[in-house]
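Good morning, everyone, and thank you for making time for this. I would like to walk you through one structure slowly, a few places at a time, so please keep the picture in view while I talk.

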Amino acid sequence: MTTGQLIVVDHLVTLLGVTAWFAAGATAATRHARLALGLLAAALLLSLERVVTVAILAGRGWWFVQEKVVLGLPMLGVAAAAAVVIAGPRLLAAARRSPGAGTSGGLVPGDELPASSVVSLLTAGYAALAGLMVTLLAGYPLTWSSALIAGSVVCAAALLTARVATAPADPAAVAAPDGGRGFSRRGFIGLAGGVVVASTGTTGVGLMFAPAGSVVTGGGPGPSTRSGAAVSVAQLRGGGAPAPGGTRRRHVLTARTATVRLASGREIRAWTFDGRVPGPPITATVGDLVEVTLRNADIGDGVTLHWHGYDVACGEDGAPGVTQHLVAPGEEFAYRFRADQAGTYWYHTHQASHRGVRRGLYGTLVVTPRRPHGDASAERLDLTLPVHTFDGTVVIGDRDLRTERTARTGTEVRLRLVDTDSEPHRLALAGTPFRVAAVDGRDLHRPGEVAGTALRLPAGGRYDLVFAMPSAPVALVVDDDRAGGLRLRPDDGAGADDSASEDTSGWPQLDLLRYGTPAAVPFGAGSRADRHFTMVLDRGVAMVDGRPAYAQTVNGGGHPSIPDQLVAEGDLVRFTVVNRSLETHPWHLHGHPVLVLSRNGTPSSGSPLWLDTFDVRPGEVWEVAFQATNPGIWMNHCHNLPHANQGMMLKLRYDGVTTPFDGAHTTSM
Ligand SMILES: [Cu+2]
């Protein structure tokens, strides 16, 4: 069973357990002793089953079980043991006494179960529920405040239940300020409520004053105290001159709202660069100087340009509030960088990107090598295909209908697929064997030919698929939609053998960690990292942009309260990324490609895999590493952009680099 499945099983068993404990308490209260006894047994079994599930989960990583092992199970264990000791013998005796007529073993009038039995059963239910709430609302790491709140809520609920269960039936006695029981009902409610309010209040205040902008060092040295050595990101700019033989590629991109007419005739209200979606493709040859002036006509949120996967100087990175001010309507900003990396990339706004990118503020960036791959005399077809979803419709390039193209048999075809959405896409290429030549812009080492195998393209990711055009049609199927996608036909009209129309929905998925051939890498799993950061991704209650939210969290925090990760230039940095949640998180570090070391403890065994966006699926644990060679302050976030907006974003900061901007990348405005 996968870790994600185990997490779901544990949630379900916990919920069933909560239900069984409460049902046992309720049936005991209504004097159905035999039924209550059965439910108590079921609740016990479910609680024991949890011990097994949690033990297996613990084997997958401490991050998955910490709060269960430290708090949830002990709390439940104590309450369940008390329930067995207190309610068990009494229920058993009552069940024996009861007439066998009813299947539920209802007691005869006057034969009451003591209130302590009901209270102990319900308290076990409160404990089980509190454990589940800590898992769902607080997660990892468990804090004293979460434990305190959970413990006090259970105690308060138990006290309150005891008070209600033992209250005299005579309402006059209840109304008396002091019923002679030491505590009035009001006193109990006050005490119970006070415990909860005090612990919640303490934590709330604690959250508000939690220090923001603190730093984690990943085991390396802390910030240097040398004064005068600081460099501002505003000074870390790209540019210079083109390499010998290169040219200047000048573009002006104007961000503005526009009504865009798709191929089907459908019109969408989009946010565009130059009135089109995708924005104008930017292409260059290695060594060219790319100069892009971004103007904002009327995007009220403001815009920036981020060069996704392209390791530009930090001042060109387009992170608003960190590397530049956002570009407001009427303003402009000029980006410059040398195109020294060949491959398939893309650009998009990084300001309120969960809205802006979704509505159309994106385009492709393709840099080709000075000497093209393969046979120079061969005919080529090179298609860049950004896949984007507008209001539920998949648009490939600028087409919401199937794209039809012809190609001469033998043509070297390269399909550059870019996922500009926040969700992954399933890709299948039918009608020809193919190779995945590059992932995230970086060539794979000796990638083998595959056929009948689908690919999962993560949000933000890119795959270059290459093949020689066969004498029959080829189909690119996206998300198993055979009516859409791309169809290539040989130009001689052949194609009787149309395997391109086959159903690809059952194809297995290629595992890139086992694809291609190993090659030398500058560092690997055995290399000693200078710094090691662990990021545990989850959902929980956290502050996001100064407001409490049910956030997408990293180590229990939300942006901008997640501590910056500090690195020094030259460091070998390792990340462990753990997904405790039930959603996929495509992790994206700006400014650096990361080398995949392992996933779920299994080392990467194919071609070295350098990624800028890796899909961390529920329950997965990824180990990646990179060399800190690009000084700056870099966003490090989930590329499911709504998740980033909901808090799943932090900064990786080089020692000695400062920002003159406000320092906190805004998530929403
Ligand atoms: Cu995410």
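Before I name any part of the chain, let me say that a strand here is a DSSP run of E of at least two residues, and that strands are numbered from the N terminus. Please also keep in mind that what you see is a predicted model.

With that in hand, let us begin with Thr272, which is found in strand E4, the stretch covering residues 267–273. Is Thr272 buried or exposed? The relative accessibility of Thr272 is 0%, and because buried means under 20%, Thr272 counts as buried. Its side chain makes two polar contacts with backbone atoms that we can look at in turn: the side chain of Thr272 reaches the backbone oxygen of Arg256 at 2.8 Å, and it also reaches the backbone nitrogen of Gly275 at 2.9 Å. If we leave aside residues up to four places away in sequence, Thr272 touches several others, among them Thr254, Ala255, Val277 and Leu361.

Let me move on to Arg442, which lies in strand E17, residues 442–443. At 13% relative accessibility, Arg442 also counts as buried. Which side chain does Arg442 meet in a polar contact of 3.2 Å? The partner is Asp311, side chain to side chain, while the side chain of Arg442 also reaches the backbone oxygen of Asp440, at 2.8 Å. It is worth finding Gln341 on your screen as well, since Gln341 is 101 residues away from Arg442 along the chain, and yet the C-alpha atoms of the two are separated by 8.5 Å. Gln341 is one of the residues that Arg442 touches, and the list, which leaves out residues up to four places away in sequence, also includes Tyr345, Arg462 and Trp610.

Tyr345 brings us to the aromatic rings. The structure holds 13 aromatic pairs. In one of them, the rings of Trp63 and Phe64 have their centres 6.3 Å apart and their planes at 85°, and because an angle over 60 degrees counts as edge-to-face, this pair is edge-to-face. Both Trp63 and Phe64 are buried. Elsewhere, ring pairs link Phe273, Trp307, Tyr310, Phe333, Tyr335, Phe337, Tyr345 and Tyr347 into a cluster.

Now to the metal. Which protein atoms are the donors of the copper ion? They are ND1 of His585, SG of Cys638 and ND1 of His643, lying 2.0 to 2.1 Å from the ion. Along the chain, these donors follow the spacing H-x52-C-x4-H. Distant parts of the chain are linked in this way, with His585 in strand E26, residues 585–589, and His643 in helix H9, residues 641–645, the two being 58 residues apart. His585 is buried, with a relative accessible area of 0%, and His643, at 6% relative accessibility, counts as buried too.

I will finish with empty space inside the model. There are four cavities of 30 Å³ or more, and the largest cavity holds about 60 Å³ of space. The lining of this largest cavity includes Asp10, Arg50, Glu67 and Thr135. The elements that give two or more residues to that lining are helix H1 (3–29), helix H3 (66–97) and helix H4 (115–138).

Terms used: Residues are numbered from 1 along each chain as its sequence is written. This is a predicted model: local features need pLDDT of at least 70, side-chain atom pairs count only at pLDDT 80 or more; totals for chains, interfaces and linings use all residues. Side-chain values use heavy atoms; hydrogens and water are left out. Helices (H or I, at least four residues) and strands (E, at least two) are DSSP runs, numbered from the N terminus. Buried means under 20% relative accessible area, exposed over 50%, partly exposed in between (1.4 Å probe, protein chains only). A polar contact is a pair of N or O atoms within 3.5 Å; within protein, one must be able to donate a hydrogen and the other to accept it, and residues adjacent in sequence count only if both atoms are side-chain atoms. Contact means heavy atoms within 4.5 Å. Rings of Phe, Tyr and Trp (its six-membered ring) pair if their centres lie within 6.5 Å; planes under 30 degrees apart count as stacked, over 60 as edge-to-face and the rest as tilted. Donors are N, O and S atoms within 2.8 Å of the metal (3.2 Å for Na, K and Ca); water is not among the atoms, so sites may look incomplete. On a 1 Å grid over the protein atoms alone, a cavity is a set of points where a 1.4 Å probe fits but cannot get out, and a pocket is an open set with protein on both sides within 12 Å along at least five of seven lines; lining residues have an atom within 4 Å of a point. Grid points are joined across faces, edges and corners, and a volume is the space filled by probe spheres set on the points.
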